Amino acid sequence: MIRRKMGAIPMDSHHPRLNNLHGPKDHAGHGHLPIVEEIEGLIKVYKDGHVERLPVMPEVPPSLSPNNEVLSKDMVINHSNGVWARFYIPMHHLHGHRYDHLPPLLVYFHGGGFCIGSAAWKCYHDFLSRLALESSCLIMSVNYRLAPEHRLPAAYEDGLTAVKWLRNQASSEDQSFWSSHCNLSKVFLAGDSAGGAIAYYVATQLGHYGMIKGVILIQPFFGGEERTSSEKSLEQSAKSALSLPTSDTYWRLALPPGADRNHRFCNPFGRGAPKLDHQLKIPPMLVCISELDILRDRTLGFCMALRMAGKKVEHKVYNGVGHAFQILNHSHLSQARTLDMINHMKTFISSSIITTR
């Protein structure tokens, strides 16, 4: 039996540990065979294939945000596999605007090591409500399929499906409740952790789409067989939500059977990954890195490689904070760093729109 424990998760004590509000409930494994993989407090995988996800974060329904300034609503985008999205619309955009003055749409992919997480998690609902309001963007937060029931490339395929669905919406004569309030010729991709990896994968596949103006990667969850300095030195950081054993377990559960961490679904420069040459079209990119994240050095190397290949990439490092600080840690320092990140994202979106006109 193989078990892996979760590193410290910097969650505030006031976060209620409630059962999920949506979807089937997992039970305590009664009647199932022994556990073969476990990330303590997050997920258990049993020998018979049963998966138990623990209620680490409450899920909330779509609603007006607490300050009544952002409307949110859920919508199924793929009826065959149940993939859906939550849309966030700042209330001041519900009034008429000329199409060329409409705000851009930000397509967001949540994190969770490809194995946990939801677009309905309260931490994402609160963060994206705030981001929509402060960036004046409409946001489409995609709820993709999870591993190990749906191993990669399922999540990547769901990301592609979401953007292709948007393209169809843009060419449709039928206006949905949200599409009339944004400019679908100005689309940005974004995501944190595993969601950042999804955003990058989609960008490498669909970067030639003129509608995609930029990509924002927040602590992207990449890996590789060779350990980096930060993976070794920050393994036990109490300020980060991701430890090295947890990362390894996520990859064992998410990758195709028999694949190692140099597979292209894990390592962006691994076997079978797109070559970084002039034929690879990638929109301008902003990469957000946490100083105390085990992924720091891997992500810095990723940025350097893309720049050397002539891609337009800028990065920001947020000192004193770890992985997923913007959604899980509400210390004064994390709040300040989150505000910095939102401002950097807002500036990047605005400048990318100006330069691509």
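Ser-193 is tucked away: it counts as buried because its relative accessible area is 7%, under the 20% cut-off. Keep in mind that this is a predicted model. Here's a quick look at that serine, then at the sheet and a helix that lies across several of its strands.

**Around Ser-193**

- The UniProt annotation "active site" covers Ser-193, and the record behind it is an unreviewed entry.
- If you're tracing the chain, look for Ser-193 in the loop between E8 and helix H3 (194-206).
- Setting aside neighbours within four places in sequence, Ser-193 touches Gly-111 and Gly-112, the run Ile-218, Gln-219, Pro-220 and Phe-221, and also His-323.

**The sheet**

- Eight strands make up an open sheet, and going across it you meet them in the order E4-E5-E7-E6-E8-E9-E10-E11.
- Pairing in this sheet is mixed.
- At the edges sit strand E4 (70-78) and strand E11 (313-318), each of which pairs on one side only.
- On average, neighbouring strands here are turned by 20 degrees against each other, direction ignored.

**E4 and its partner E5**

- E4 pairs with strand E5 (residues 83-90) in the antiparallel sense, with eight bridges between them.
- For a spot to check on screen, find Val-76, which stands opposite Trp-84 in E5.

**The helix across the strands**

- Helix H1 (residues 122-135) lies across E4 and E5, as well as strand E6 (105-109), strand E7 (138-143) and strand E8 (187-192).
- Relative to E5, helix H1 runs at about 45 degrees.

Notes
Residues numbered from 1 in each chain as written. Predicted model: local features only at pLDDT ≥ 70, side-chain atom pairs only at ≥ 80, totals over all residues. Heavy atoms only, no water. Pairing = 2+ DSSP bridges. Helix = DSSP H or I, 4+ residues; strand = E, 2+ residues; numbered from the N terminus. Axes fitted to C-alpha atoms, helices over the stretch in contact; angles between N-to-C directions. Contact = heavy atoms within 4.5 Å. UniProt positions renumbered as here; feature names shortened; annotations may be inferred. Buried < 20%, exposed > 50% of the residue type's maximum accessible area, 1.4 Å probe, protein only.
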